[in-house]
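Thanks, everyone, for making the time; I would like to walk through one structure with you this morning. Please keep the sequence and the coordinates open while I talk.

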Amino acid sequence: MNTEEMIRERLSRLVPDALEVFDDSHEHAGHAGAKEGGGHFQLLIVSRHFTGKNAVARHRLVYEALSDLMPKRIHALAIRAYAPEEEMGTSAKG
């Protein structure tokens, strides 16, 4: 299982309505974290578990789900986390 699949599997506990995962590791070739094998990822996640929570609490939920992948598999992670009722961009890259 590759890292993107592992991310998706672990985040399934948040029962996402939408989940986009982007591997940007190729853009960081030569970076110290890349030398150790850790990838650079962006994700966009929409989950009812984020309703009523601020950004810090939402990020904590994501980090808890992915904690065993850091820092070896995931060196850097950009998170955009929304509750279903919130308006959002259409892509984690946007």
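In this predicted model, the side chains of R10 and D68 are joined by a polar contact of 2.9 Å. R10 sits in helix α1, and because its relative accessibility is 16%, under the 20% cut-off, R10 counts as buried. Apart from neighbours within four places in sequence, R10 is in contact with A65, L66, D68 and L69, so let me turn to the helix pair that two of those names bring in.

Helix α1, which covers residues 3-11, packs with helix α3, residues 55-66, at an angle of about 120°, and their axes are 9 Å apart. That angle is why α1 is described as oblique to α3, and the crossing of the two is right-handed. What meets what in this packing of α1 and α3? From α1 the residues are I7, R10 and L11, and from α3 they are V62, A65 and L66. Sorted by character, the residues of this contact comprise five nonpolar, no polar and one charged.

Let me step back to the chain for a moment. Its secondary structure amounts to three helices and three strands, and, read from the N terminus, the elements follow the order α-β-α-β-α-β. The chain has 94 residues, of which 36% count as buried. If we take the contacts between residues at least 6 apart in sequence, 69% of them join residues at least 24 apart.

My next stop is strand β1, residues 18-23, where V21 lies. Is V21 buried or exposed? With a relative accessible area of 8%, V21 is buried, since that value falls under 20%. Leaving out residues up to four places away in sequence, V21 touches E4, I7, R8, F41 and Q42; I7, you may recall, is also one of the α1 residues that meet α3. As for A78, V21 is 57 residues away from it in sequence, and their C-alpha atoms are 10.0 Å apart in space.

Now to S47, which is placed in the loop between β2, residues 39-46, and α3. How accessible is S47? Its relative accessibility is 0%, and S47 therefore counts as buried. Two polar partners are worth looking at on your screens. The side chain of S47 reaches the backbone oxygen of L14 at 2.5 Å, while a polar atom of that S47 side chain lies 3.1 Å from the backbone nitrogen of H49. Once the neighbours within four places in sequence are set aside, the contacts of S47 are with L14, V15, P16, Y82, A83 and P84, and L14 thus appears both in this list and as the residue whose backbone oxygen is reached.

The last residue on my list is K72, in the loop between α3 and β3, the latter being residues 74-82. K72 is exposed, because its relative accessible area is 57%, over the 50% cut-off. Where K72 and G38 are concerned, the separation in sequence is 34 residues, whereas the C-alpha atoms are 5.1 Å apart in space.

To close, I would leave you with two of the places we visited: R10, buried at 16% with its side chain joined to that of D68, and S47, buried at 0% with its side chain reaching the backbone oxygen of L14. I am happy to take comments.

Key
Residues numbered from 1 in each chain as written. Predicted model: local features only at pLDDT ≥ 70, side-chain atom pairs only at ≥ 80, totals over all residues. Heavy atoms only, no water. Axes fitted to C-alpha atoms, helices over the stretch in contact; angles between N-to-C directions. Helix = DSSP H or I, 4+ residues; strand = E, 2+ residues; numbered from the N terminus. Parallel < 35°, antiparallel > 145°, perpendicular 65-115°, else oblique. Left-handed = near helix turned anticlockwise from the far one by under 90°. Contact = heavy atoms within 4.5 Å. Nonpolar A, V, L, I, M, F, W, Y, C, P; charged D, E, K, R; others polar. Buried < 20%, exposed > 50% of the residue type's maximum accessible area, 1.4 Å probe, protein only. Polar contact = N/O pair within 3.5 Å; in protein donor to acceptor, adjacent residues only side chain to side chain.
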